[in-house]
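Me: Got a chain here I'd like to walk through. Can you take my questions as they come?

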Amino acid sequence: MEPANEETVQCFFFSLAQGSNSLLWEELCEKINDTIKDLSKEYIWQRDEFQVFIPISDSKDTNIPFHLCSITCFGDNIEDEWFIVHLVLEISKLYPNLIIHIKDNDGDFLLIEAADNLQTWVNPSNTDNRVFIYRGHIHLIPPKVAPLQPKLELKAAIKIIEESSELTQVSCAIEQAILDRIGKYPEKLLENIHRTAVQIPSHIAALLILKPSLIAPITNAYSNSDVIDAKCCKDIDFSNCVNVEVTFTKFLYAMLLHSKFINSIKHYEFINDKKSILGAKITCGYQIIMNKASTDLFNSKAYNKFLSNLKQNGYFQNNIEGSIGYNNLLRKAKEYFSIVECPISSHVSDSISQLMSSSDYLRIKDSIKDICVEPGYIGDTEDWLNIHPEQLNDLLLKRYGKITTLKNNDVISSTTLTTELSSFLKQTSDYEGIESHCNEIIEDSIEFEPDQFVSCIEKMLNVLSTGDDENTESEESDQDYDNFQYHDNGCDKELRAKLQTNQTENPQENNTILSNIIQSIKEEKSIGPTSNLLRSFGVHKSELLDSDDD
């Protein structure tokens, strides 16, 4: 059962070709889950495994066609969410009749990722039932295909995608932004993996060798433990420990490594190196899970409450308890509970109990000493744990910064820098940051008021002919602040002279500005406001400093 405050991603699989034949949908559901297992067999999920199921009951809303769905809680590791998007895209290629809608707690997160490339009409309030995945591509139903008002109904949207997919497929730029965020799988699987040696009891080692993904719930159980959980870890016996290699995701490894150690462990004084410390944490996490285990998954408080809610909502359709109809509905309810509603600790403990009763587990446990690593083996390098501030800044700029204005082949000169700085200072900003497109908007939409223009020209001619601007000033004093004003006084003469000077290139002044910028960068050491400002239009610190500079 997912905590209310955790992030979830939901998928809905529609198909007009399947109709409402429940047998066809059950067969399709099984095939899709087999596909998911094949594509994710080496993936370690942070919390829930991604799998598809048939909704427990038909919706009373006749506008929602029969469908499959999934609800996956991905916890703190957002990479799980994007791996699910990868899986859904692959599924849509293998099953071309499927039209898939995917969303999370923030809504249509695919559009959020591609926000820089979206058309102006798109906003969170008008994209309901308009974003789908179909045959390996992202689709967005535009207003020219279906007006924004009234709200587009789901059945109508699915029919549009199926019949007019050439009009709804998004641009290459939008789709590429989403694909770039997903990354390349299966290569990316290796990038997110960290292997290390740990010292753990032999029975836990056998379990992790048989099913490496168990490291996720064990790590989560330890990292989220409380005082009550810590009590069950006091008397753990570490006498039968072995050194084995355990596979983590980098997220899980960092999570376990930086979790506070439970000092109440009985044999705490013997835990003095990284292998034994990590091993003790894993052992505690395992103990916490098994301490919450229920002897019978379908005899727990959570299941009884779930079953009671079904009965109150009329799920069993007046079937007599024990009848064929009742038992069929009960079977579906149990399948749904074990996939969706079951507490994660109960689900994991039940899975562990099944593994321990298997012949593979007994075989691995008996030969565990042959699988142990050498005493001097440490594991993968941990350099990735240390990120330099400048690396972090570059990462944030790449992910969230604006598009650079300088290209790779552009020559960085004093004139180039001062021009870009002037352009930057002319831009406007609000709470969302710099409006990088404001100049384009101004150039494309100039408002021209003929009467005001003629009035301004008459005033200018009057000043030039009389050489006296006193009357002009008095006449204009009552004008609106935005009206054109012309004051031929000493300040204006100085300003005009300055503008004329700036219209011609001034190499000496530009070189002075460049020298000041370089000096500011030196004083900032790693990162600072000057470096950040230069990055906003594509100039990096290393491009301005010589090799002899600090």
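Reply: Sure. One definition before we start: two strands pair if DSSP finds at least two bridges between them. Also keep in mind that this is a predicted model.

Me: OK, strands then. How many bridges join β3 and β4, and in which sense do they pair?

Reply: Two bridges, antiparallel. β4 covers residues 131-134. Within that pairing, Ile 100 stands opposite Ile 133 in β4.

Me: And which way do β1 and β3 run?

Reply: Antiparallel, joined by six bridges. Strand β1 spans residues 8-14. Phe 12 sits opposite His 101 in β3.

Me: Is β3 mostly covered or mostly open?

Reply: Mostly covered. Strand β3 is residues 99-104, and five of its six residues are buried.

Me: Switching to charges. How many salt bridges are there?

Reply: The count is nine. As background, side chains of opposite charge can pair when their charged atoms come close.

Me: What does Lys 188 pair with?

Reply: Glu 79, with an N to O distance of 3.0 Å. The two lie in distant parts of the chain, 109 residues apart. Lys 188 is in helix α7, residues 187-191. Glu 79 is in helix α2, residues 79-94.

Me: Are those two buried or exposed?

Reply: Lys 188 and Glu 79 are both buried.

Me: Which residues are in the network with them?

Reply: Arg 181 joins Glu 79 and Lys 188 in a network of salt bridges.

Me: What about Asp 48? Which residue does it bridge to?

Reply: Arg 47. The closest N and O atoms are 2.7 Å apart. Asp 48 and Arg 47 are both buried.

Me: Now Arg 331. Where is it relative to Glu 335?

Reply: Both are in helix α14, residues 324-341. They are four residues apart, so about one helical turn separates them. They form a salt bridge, with the closest N and O atoms 3.3 Å apart.

Me: Why is Arg 331 called partly exposed?

Reply: Because its relative accessibility is 40%, and partly exposed runs between the buried limit of under 20% and the exposed limit of over 50%. Glu 335 is also partly exposed, at 41%.

Me: Next, cysteines. How many disulfides does the search find?

Reply: Zero, across the whole structure.

Me: Why doesn't Cys 284 bond with Cys 233?

Reply: Because the sulfurs are 3.8 Å apart, too far for a bond. The cut-off for a disulfide is within 2.5 Å. Cys 233 holds the closest cysteine sulfur to that of Cys 284. Cys 284 itself is buried, with a relative accessible area of 0%.

Me: And Cys 11? Which cysteine has the closest sulfur?

Reply: Cys 69, at 9.5 Å, which is again too far for a bond. Cys 11 counts as buried at 0% relative accessibility.

Me: Aromatics next. How many pairs?

Reply: 17 aromatic pairs. One of them is Trp 25 with Phe 66. Their ring centres are 5.5 Å apart and the planes meet at 40°, so the pair is tilted.

Me: Where do those two sit?

Reply: Trp 25 lies in helix α1, residues 22-39. Phe 66 is in the loop between α1 and β2 (67-73). So the pair ties together parts that are 41 residues apart in sequence. Trp 25 is buried, with a relative accessible area of 0%.

Me: Give me another. How are Tyr 303 and Phe 306 arranged?

Reply: Tilted too: 6.4 Å centre to centre, with 40° between the planes. Both lie in helix α13, residues 301-312. They are three residues apart there, about one turn of the helix. Tyr 303 and Phe 306 are both buried.

Me: Which residues form the aromatic cluster around that pair?

Reply: Tyr 303 and Phe 306 belong to one aromatic cluster with Phe 53, Phe 298, Tyr 336 and Phe 337.

Me: Last topic, the surface. Which residues form a nonpolar patch?

Reply: Ile 387, Leu 392, Leu 395 and Leu 396. Together they have about 360 Å² of accessible area.

Me: Where is Leu 396 placed, and is it buried or partly exposed?

Reply: Leu 396 is in helix α17, residues 389-400. Leu 396 is partly exposed, with a relative accessible area of 41%.

Definitions and conventions:
Residues numbered from 1 in each chain as written. Predicted model: local features only at pLDDT ≥ 70, side-chain atom pairs only at ≥ 80, totals over all residues. Heavy atoms only, no water. Patch = residues over 30% accessible without salt bridge, like charges linked within 9 Å, V, L, I, M, F, W, Y side chains within 5 Å. Areas by Shrake-Rupley, 256 points an atom, 1.4 Å probe, with all protein chains shown as cover. Salt bridge = Lys/Arg side-chain N within 4 Å of Asp/Glu carboxyl O. Buried < 20%, exposed > 50% of the residue type's maximum accessible area, 1.4 Å probe, protein only. Phe/Tyr/Trp six-rings, centres within 6.5 Å; stacked < 30°, edge-to-face > 60°.
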